[in-house]
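Here is a short set of exercises to work through with the model open beside you. Try each task on your own before you read its solution.

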Amino acid sequence: MNSSVVDAHAAAHPHATTFSSAHPPRTATQAPGRFGAAALRAAAVLWFAVTAAGQLIFAGYIAGFYGRVTLAGRPELWNKVMPHGYVSGDTFFNLVLGVHLIFAFVITLGGLLQLVPAIRRRVPALHRWTGRAYLVAAAIMAAGGLLMIWFRGGAPGDFAGNVIISFNALLILACAAAAWRHARSRRVDFHRRWALRLFVAVSGVWFFRVGLMFWIAVNRGPVGFDPETFTGPALIVLGLAAYLLPQGMVGLYFLAQQGRNARAKIAMAGGLTFLSLTMAVGVVAAAAIMWLPRM
Ligand code: HEM
């Protein structure tokens, strides 16, 4: 309510003036709340813009590198990035990895589409169908990833790294199941929360890559890990941060958004803005070092 509306109301109803003099003026108490809500919305838009830009480049890299060399009949070129990617004669796991790469492209673009509010509002049928496809893709990614980690051998990293990424796979499956269950029982608010949790769980491997490139860029080289064996404490901390921190942020975001505490909204907006700017540095580094040169 703006101040001119409050003044007109007070003039027409003197008792309202008496009431308002016993309490702080409504405009004064509502202004920080309005500012907090606007700041939180703006921070969420900034976060989505950075995420969308970075994930579009990632999807472009998957299509522009893996898609291009595979369509040219040269899957052995996957090994320029993954030393044990294509193994001659290992048809089953070559196929698992091929499917993983196709769905990596689909899920990265699909997740961004699901988060655009205009699509949810204007074309709800599309949202429902891409949502179902997203859940299936999430399950395929998690299951294929687990198979490759525990049954193929040669995946990068050590036992701790494998356990941490497997935890992310289980998180993806749990969030997908919860988002699906709430959508089926039409509990829109719970569905929305679990869908966002699923999106950040699926984006975990992307956060990891962006975080790693941020770390390498600010340290001007690999620090705290061995780039040959892909092991070391920095990777463990980064893995935990990439998979757990976004879940914590989603929880805090919903608390701040639904609560009435203006300071909590502003603090959350500040935290989210800081993370978005950090992510933006990581996206630029990942694009420059890993993705664009291979496309
Ligand atoms: C759900 C989102 C995921 C996406 C978008 C994704 C994307 C990718 C991409 C693009 C690659 C090729 C490597 C590169 O160029 O960066 C890859 C490889 C791989 N991914 Fe995933 N992935 C996801 C989830 C997972 C999960 C949850 C696991 C494990 C549980 C996993 C395990 C693997 C493995 C083992 C490889 C082969 C790495 C190698 O041999 O060097 N992925 N993934």
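**Exercise 1. Charges over rings**

Arg 193 lies over the face of which residue, and at what distance from the ring centre?

*Solution.* Keep in mind throughout that this is a predicted model. Start at Arg 193: the ring beneath it belongs to Phe 254, with 5.0 Å to the ring centre. Next, move to Arg 197, which lies over the face of Trp 194 at 5.7 Å from the ring centre. A charge counts as sitting over a ring if CZ of Arg is within 6 Å of the ring centre and within 35 degrees of the ring normal.

**Exercise 2. The overall fold**

Describe the protein chain by its secondary structure, its dimensions and its share of buried residues.

*Solution.* Begin with the elements: the protein chain has 11 helices and 0 strands. Along the sequence this reads as α-α-α-α-α-α-α-α-α-α-α. For the dimensions, take the principal axes; the C-alpha atoms then fill a box of roughly 85 × 45 × 30 Å. Finally, of the 295 residues in the protein chain, 37% are buried.

**Exercise 3. The iron atom**

Find what the protein donates to the iron atom of the ligand.

*Solution.* Look around the iron atom of the ligand: the protein provides a single donor, NE2 of His 100, at 2.1 Å. Then place this residue in the fold: His 100 belongs to helix H4. A polar side-chain atom of His 100 also lies 3.0 Å from a nitrogen atom of the ligand.

**Exercise 4. The shell around the ligand**

Work out which residues and helices surround the ligand, and what class of residue they belong to.

*Solution.* First, the residues. There are 21 around the ligand, and Tyr 61, Tyr 66, Met 82, His 100 and Arg 209 come nearest.

Second, the polar contacts to oxygen. A polar side-chain atom of Tyr 66 lies 2.5 Å from an oxygen atom of the ligand, and one of Arg 209 lies 2.9 Å from an oxygen atom of the ligand.

Third, the helices. At least two residues of the shell come from each of helix H3 (26-71), helix H4 (91-115), helix H6 (124-152), helix H7 (159-184) and helix H9 (204-219). H6 gives the most, with 5 residues.

Fourth, the classes. The shell is made up of 18 nonpolar, 2 polar and 1 charged residues.

**Exercise 5. Aromatic pairs**

Classify the pair Phe 65 and Tyr 66, then the pair Trp 78 and Tyr 86, and say how exposed each residue is.

*Solution.* A pair of aromatic rings is described by the distance of the centres and the angle of the planes. The model holds 14 aromatic pairs. For Phe 65 and Tyr 66, the ring centres are 4.7 Å apart and the planes stand at 70 degrees, so this pair is edge-to-face. Phe 65 is buried, at 3% relative accessibility, and Tyr 66 is buried too, at 6%.

The rings of Trp 78 and Tyr 86 have centres 6.1 Å apart and planes at 85 degrees, so they are edge-to-face as well. Here Trp 78 is buried at 5% relative accessibility, whereas Tyr 86 is partly exposed, with a relative accessible area of 27%.

As a last step, trace the ring pairs outward: Phe 58, Tyr 61, Phe 65, Tyr 66 and Trp 291 are linked into a cluster.

**Exercise 6. A threonine in a helix**

Which backbone oxygen does the side chain of Thr 130 reach at 2.8 Å?

*Solution.* Locate Thr 130 in helix H6. Its side chain reaches the backbone oxygen of Leu 126 at 2.8 Å. The side chain of Thr 130 also reaches the backbone oxygen of His 127, at 3.4 Å. Now look across to Gly 110, 20 residues apart from Thr 130 along the chain: the two C-alpha atoms are separated by 6.8 Å. With a relative accessible area of 24%, Thr 130 is partly exposed.

**Exercise 7. Positive phi**

Compare the backbone and surroundings of Arg 186 and Arg 220.

*Solution.* Most residues other than glycine have a negative phi. Arg 186 has a positive phi, near 60 degrees, and sits in the loop between H7 and helix H8 (188-202). Arg 186 is exposed, with a relative accessible area of 65%.

Arg 220 has a positive phi near 55 degrees, and its loop runs between H9 and helix H10 (233-258). Arg 220 is exposed, at 79% relative accessible area.

How values were computed: Residues are numbered from 1 along each chain as its sequence is written. This is a predicted model: local features need pLDDT of at least 70, side-chain atom pairs count only at pLDDT 80 or more; totals for chains, interfaces and linings use all residues. Side-chain values use heavy atoms; hydrogens and water are left out. A residue is near a molecule or strand if one of its heavy atoms lies within 4 Å of it. A polar contact is a pair of N or O atoms within 3.5 Å; within protein, one must be able to donate a hydrogen and the other to accept it, and residues adjacent in sequence count only if both atoms are side-chain atoms. Helices (H or I, at least four residues) and strands (E, at least two) are DSSP runs, numbered from the N terminus. Ala, Val, Leu, Ile, Met, Phe, Trp, Tyr, Cys and Pro count as nonpolar, Asp, Glu, Lys and Arg as charged, and the others, Gly among them, as polar. Rings of Phe, Tyr and Trp (its six-membered ring) pair if their centres lie within 6.5 Å; planes under 30 degrees apart count as stacked, over 60 as edge-to-face and the rest as tilted. Buried means under 20% relative accessible area, exposed over 50%, partly exposed in between (1.4 Å probe, protein chains only). Donors are N, O and S atoms within 2.8 Å of the metal (3.2 Å for Na, K and Ca); water is not among the atoms, so sites may look incomplete.
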